[in-house]
Amino acid sequence: MKVYNLACEQNHCFEGWFGSEDDFLSQSAGQQIVCPICESVKVGKLPSAPHLNLSAAKPATASRHAAGTASPAAVQMKKQLMDMARHVMENTVDVGESFAEEARRIHYKEVPEHGIRGLASAEQCDELAEEGIDVFQLPMPALRKSTLQ
Ligand SMILES: [Zn+2]
């Protein structure tokens, strides 16, 4: 059984239970997943990984991409990023620079599973990945400009 954090196009967050990743994918492709609040079928999966790195390895690349392209797609992407960032803020604990250490403690079950966010260098992220620890990265420039508060 898989539990995914899902969100519709209007940013209603809810949990979806699926037998497997394939189940989720086929139901998603068939628009069989419906938002319980507004009944939209435009539902996407939020990152379920409890380990989130907010320091982004390559923020410069990300912002260079965004600059000058005010296409609807870019705006939409930014909005999705903001929605995701908000979801992350609401569902994780800020552990700051202890991120890599804390992610390991969770991974090796030294502490109960819980969502964390914090800062990690690109090297630390690589090390975590090598140990099989999922880390999700969000570009910080987008967060700073955001209206998260
Ligand atoms: Zn909805």
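Me: Which residue follows α4, and what is the sign of its phi?

Reply: Lys 109 follows α4, and the phi of Lys 109 is positive, near 60°. Helices here are DSSP runs (H or I, at least four residues), numbered from the N terminus. A word on the model: it is predicted, with local features needing pLDDT of at least 70, side-chain atom pairs counting only at pLDDT 80 or more, and totals for chains, interfaces and linings using all residues. Residues are numbered from 1 along each chain as its sequence is written.

Me: Happy with that! Why is Ile 106 called partly exposed?

Reply: Ile 106, which lies in helix α4, has 17 other C-beta atoms within 10 Å. A residue is buried at 20 or more such neighbours and exposed at 12 or fewer, with C-beta atoms placed from the backbone. The count of 17 falls in between, so Ile 106 is partly exposed.

Me: How do you know that the buried residues of α4 are on the same side?

Reply: The buried residues are Phe 99, Ala 100, Glu 102 and Ala 103. They cover an arc of only 165° around the axis (taken from the directions from the helix axis to the C-beta atoms), which puts them on the same side of α4.

Me: And what makes up the largest nonpolar core?

Reply: Phe 99, Ala 100, Ala 103, Ile 116, Ala 120, Cys 125, Leu 128 and Val 135, 8 residues in all. A nonpolar core is a set of buried Ala, Val, Leu, Ile, Met, Phe, Trp, Tyr and Cys residues joined through C-beta atoms within 7 Å. Two or more residues come from each of α4 (99-107) and α5 (122-130), and α4 gives the most, with 3.
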